[in-house]
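Please read the following report alongside the sequence and the coordinates; it deals with charged side-chain pairs and with one helix packing.

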Amino acid sequence: MSKRLPLPWLAVCGLLALICRPAAAPAQAQAPAAAPAPAAAPAPAKPAETPAAPEKKPPEEKLSTTRHAITLDGQRIAYTATAGNVVLKDDDGTPKASVFFIAYTRDAERDHPQDPGARPVTFSFNGGPGAASLWVHLGAFGPKKVARDEEGMALPPPVRMVDNEFSLLDVTDLVFIDPVSTGYSRAVPGQDAKQFHGVRQDIQWVGEFIRMWVTRNRRWASPKFIAGESYGTTRAAGLAAYLDQRFGMQLNGVVLISSVLNWQDQDFDVGNDMPYPLILPTYTATAWYHHKLAPELQADLARTLQEAEAFALDEYAPALIQGDRLTPERKQQVAVKLARYTGLGLDYVLRSNLRVEINRFTKELLRGEGKTVGRLDSRFTGSDLDAVGENPEFDPASVSLDGPYAAAINDYVRRELAYESDLVYERLAKVWPWAFDGYENQYVNVAEPLRQEMVKNPSLRVLITSGVFDLATPYFDSVYTVDHMGLPPALKGHIEITRYQSGHMIYIRRSEQRKFKSDIARFMRAAAGTVG
């Protein structure tokens, strides 16, 4: 996902069209009657006509259906996989975009009859904005996943796919969506892709896909969930409100994986001190993992994180709010504790004016060893050309999570799902500038529409899952955001936060994926009122 969402800017430019016409031929003089007629002047040459460009037709819908089976918790589950595209249209029927998806639906069996009113369906995607759904698909929920080692580190190429023993198919049908410009999804020829690239626009068109899929597959009576990761949590929260307002489609639950709802809490802009205390506990977890804390803090991670959280709220945040009013003595006291909980040197903390941004931290923590730490997952380490620079050259976690999944999705859709396309599968599309209609001169905050929808639909449940080694979407931000939503007391128990010893892609670490699957399955069964 992108590090930050910058404030929108508007630029207006005008284009002057120059229309060139051939000059008119001069009028021919009248010849005297007795005189012989002059030879006719040659007709002016007609300008060569440019051949008309062949009309580009909108893409046709193409589906590939295959049948498979998987064993989950000792139970054999037969399922149908459908890979294909849906052409989305505007209100007057004009084709606008072709959206690629992969759906898994459980087949009817004697012991498991097909009942659309009882079988839940979950719509899932990654974030970016500009990311396809391959990670949450082939890492978290789908029936197949990319093989990694027990800790979630990459294996040597070539990629290997295995059955996902923690797939959610025993609990819910699954639909993985690639928003426009990601995966194989594209704007229709002649349509500007920018109309799909924005907070509001993205929610509307993904919402339209969900409406069409539910309608065509006769699933209006099914319990419905949305599971989004990273920027996908911003989209998911917005969709919960939009689907109800626009179509009257109420959800049973929303799963927010590595959540970001209020972007003020994560944008390290000058004058915005909110991100620093909220990311501090993740700095602490990272320093703990790499053995950079004092022995008493290394002993018990859970207890150490409680200390770091208390310091962040009770001492660190108040100190930052004081700005230049903070006395030198108090600044020194806070800096000592900040260095203690981050594993950084006291001098470095003071020179940073108590404000250490993500990139500086990932470069500085292991600088003495010539290493950097990951942003998406701070357990990963990399090395730069030198240890002098201010920012890392790359995110070692992101690199590890890119190639294997890119290879996997390109092989899987053809070899197992029998879907053919010569398009590039855009795992990380270029969708900037991203539009911020309705959020001009403010930070994006979808916690408020989510609150409104929870009040309107008091049956809606929300599960937030966070990894303690995730610097991209720090776990403590989710706690802070929920604490500031202003939910009525009766609804506060409708949001649950779970925490894992993993990074942004919580599910790559096998021990944490087991707990991750168990927590989500329990949540969905309770929210849907089903047993499987």
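By about how much of a helical turn are Glu448 and Arg451 separated in helix α12? They are three residues apart in that helix (residues 447–456), which means a separation of about one helical turn. Helices (H or I, at least four residues) and strands (E, at least two) are DSSP runs, numbered from the N terminus.

This is a predicted model, in which local features need pLDDT of at least 70 and side-chain atom pairs count only at pLDDT 80 or more, while totals for chains, interfaces and linings use all residues. Residues are numbered from 1 along each chain as its sequence is written, and side-chain values use heavy atoms, with hydrogens and water left out.

**Salt bridges**

A salt bridge is counted where a side-chain nitrogen of Lys or Arg lies within 4 Å of a carboxyl oxygen of Asp or Glu, and by this rule there are 29 salt bridges. Three of them are listed here with their N to O distances.

| Pair | N to O distance |
|---|---|
| Arg216 and Glu61 | 2.9 Å |
| Arg219 and Asp173 | 2.9 Å |
| Glu448 and Arg451 | 2.7 Å |

Arg216 belongs to helix α2 (residues 199–216) and Glu61 to the segment before β1 (63–72), so their salt bridge ties together parts that are 155 residues apart in sequence. Accessibility is classed as buried (under 20% relative accessible area), exposed (over 50%) or partly exposed (in between), using a 1.4 Å probe and protein chains only. Arg216, at 45% relative accessibility, is partly exposed, and Glu61 is also partly exposed, at 37%.

The salt bridge of Arg219 with Asp173 joins the loop between α2 and β9 (224–230) to strand β7 (residues 173–178), so parts that are 46 residues apart in sequence are tied together. Both Arg219 and Asp173 are buried.

For the pair within α12, Glu448 counts as partly exposed at 31% relative accessibility. Elsewhere, Glu151, Asp377, Arg379 and Arg509 are joined into one network by salt bridges that share partners.

**Packing of α1 on α14**

Two packed helices are described by the angle between their axes and the distance between the axes. Helix α1 (residues 134–141) packs against helix α14 (residues 510–528) at an angle of about 95°, and their axes are 11 Å apart. The axes are lines fitted to C-alpha atoms over the stretch in contact, with angles running from 0 to 180 degrees between N-to-C directions. The two helices are therefore roughly perpendicular, a class that covers 65 to 115 degrees.

With contact meaning heavy atoms within 4.5 Å, Gly139, Ala140 and Phe141 in α1 meet Gln513, Phe516 and Ile520 in α14.

Key
Angles under 35 degrees count as roughly parallel, over 145 as roughly antiparallel, 65 to 115 as roughly perpendicular and the rest as oblique.
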